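Here are my comments on the model you sent. They are in numbered points, to be read beside the structure.

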Amino acid sequence: MTTTADASPARSLLRGRWIDHWDPEDGGFWERTGAKVANRNLWFSILSEHIGFSIWTLWSVLVLFMGPEYGIDAAGKFFLVAVPTLVGSILRLPYTMAPARFGGRNWTIVSATLLLVPTILAAIVMQPGTPYWVFVLVAAVGGLGGGNFASSMANINAFYPEAKKGWALGLNAGGGNIGVPVIQLVGLLIIATAGAGAPRILLGVYIPLIVVAAACAALRMDNLTSMRGDTGAFKEAYRESQTWVMSFLYIGTFGSFIGYSFAFGLVLQNQFGRTPLQAAAVTFIGPLLGSLVRPVGGWLADRYGGAKVTFYNFIAMGVSTLVVLAASAIDSLALFTAGFVLLFVFSGVGNGSTYKMIPAIFRGHARVAVEAGAAEPDAAYLRARRVSGAVIGIAGAIGALGGLFINLAFRQSFLTAQSGNPAFWSFLAFYLVCIVVTYVVYLRPVPAEVTHPRVAHAGV
């Protein structure tokens, strides 16, 4: 491993710590220096991404502080939490390209620092009497936190060898996802101790944490020269049909996770009449378990194949949705909560398995091209890493839109039926489609004499 002269003290903070040589597939290099450097970048990437998720889902907690004095009904609150979901989804595309343009470390510093903007703005406006449009605007700025995931995953994907990507990406994403239940737990603690009239305490907790995350990125992370200026990978990724298949499946996994994370507390309040404290007391459980199990999804995909794990996982999500509908039919809060928590758990497993599939698919393409003599091994596998990093960002952006759809579905469902049931029936139908797509594209047997793209997906 070598670094450029940019690391000298005379260079500016944002131009330092570039690594010129990086070959994680070389076993000797990985054992000598690669693993240590990659793991160090992973842990500080997780810290920044963790806080990013917390700020992205900030409004799922702030709406619990909004009592009748705010004059906002259930539909208005569902729309309020949908807005940062939309903005965060859109931002994931440029955020994915940012590590290639500016360097992974450099962009982590910038993206972490930007989280101060929505946090400080929320502290200013969070009081009764503030116009609804102002809340919507500030919530939209909170979407900045949603972009951090895409840049973090694209960056970490470049640090690890293929055999370790499932676990590394799962750990990176899972550690970030835990930012959702953590901010909900902090909100619960504040509501239980200071009451629902003290939302600014929550914001005061996160402002110094954001500063710490940015400082840690500056001091402990690195940029990879091999990623620099590699924005052309996006053009290649857009032309790949697998980009859109995986993006569709990711709507079902991550879209479910983030959408339910925003909506869970509001559903409990409006369908079962829970108070803010009662809702907050259980809201964090599902996101916490879904976050913790995400690395397990990556590990299972490493061991059994991502497509197989994803297929059975969508079946489990469909069954969990039926549990929620059955609980709603008999008005059982305990069964409803259990079914909802299961949805979180399986969405977490699916998050890990689908993201493992992406680099495996493109490495499979490279392997087939090399075996056919159509490409040089080094160039083919480098392209696989480049394109898979871009696809991870695109899939992350489109998948996050699932969170928007879920909250808009709940909004319409409560407007028309005063219940979440119509929304859950639509989610069940979508999971059934995901089951079919996963089987047809990745698992359905194909005669050996038939040429088919799935030939390159062995081991996916």
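1. Charge first. This is a predicted model. The protein chain carries 30 positive and 20 negative charges. The mean positions of the two sets lie 5 Å apart.

2. Surface. The protein chain exposes about 17000 Å². Carbon and sulfur atoms supply 68% of that area. Buried residues account for 59% of the 460 residues.

3. Fold content and dimensions. The protein chain has 18 helices and two strands. Its radius of gyration is 22 Å, close to the 23 Å that the globule rule gives for 460 residues, so the chain is as compact as a globular protein of that length. The C-alpha trace spans about 65 × 60 × 30 Å along its principal axes.

4. Contacts along the sequence. Take the contacts between residues at least 6 apart in sequence. Of these, 82% join residues at least 24 apart.

5. Core. Which residues touch the most other members of the largest nonpolar core? They are Trp 59 and Phe 410, in a core of 120 residues. Helix H12, residues 241-272, gives the most to this core, with 15 residues. In soluble globular proteins, nonpolar side chains tend to be buried together.

6. Phe 410 in detail. Leave aside residues up to four places away in sequence. Phe 410 then touches several aromatic residues: Phe 78, Tyr 260, Phe 340, Phe 424 and Phe 427. Its other partners are Ala 263, Val 267, Gly 420 and Ala 423. Please look at this residue in the model when you check the core.

Note on methods:
Residues are numbered from 1 along each chain as its sequence is written. This is a predicted model: local features need pLDDT of at least 70, side-chain atom pairs count only at pLDDT 80 or more; totals for chains, interfaces and linings use all residues. Side-chain values use heavy atoms; hydrogens and water are left out. Helices (H or I, at least four residues) and strands (E, at least two) are DSSP runs, numbered from the N terminus. The radius of gyration is taken over C-alpha atoms; the globule rule is 2.2 Å times the number of residues to the power 0.38. Buried means under 20% relative accessible area, exposed over 50%, partly exposed in between (1.4 Å probe, protein chains only). Contact means heavy atoms within 4.5 Å. Accessible areas come from the Shrake-Rupley method with a 1.4 Å probe; for residues, only the protein chains shown count as cover. Lys and Arg count as positive and Asp and Glu as negative; His and the chain ends are not counted. The place of a charge is taken as NZ of Lys, CZ of Arg, CG of Asp or CD of Glu. A nonpolar core is a set of buried Ala, Val, Leu, Ile, Met, Phe, Trp, Tyr and Cys residues joined through side-chain atoms within 4.5 Å.
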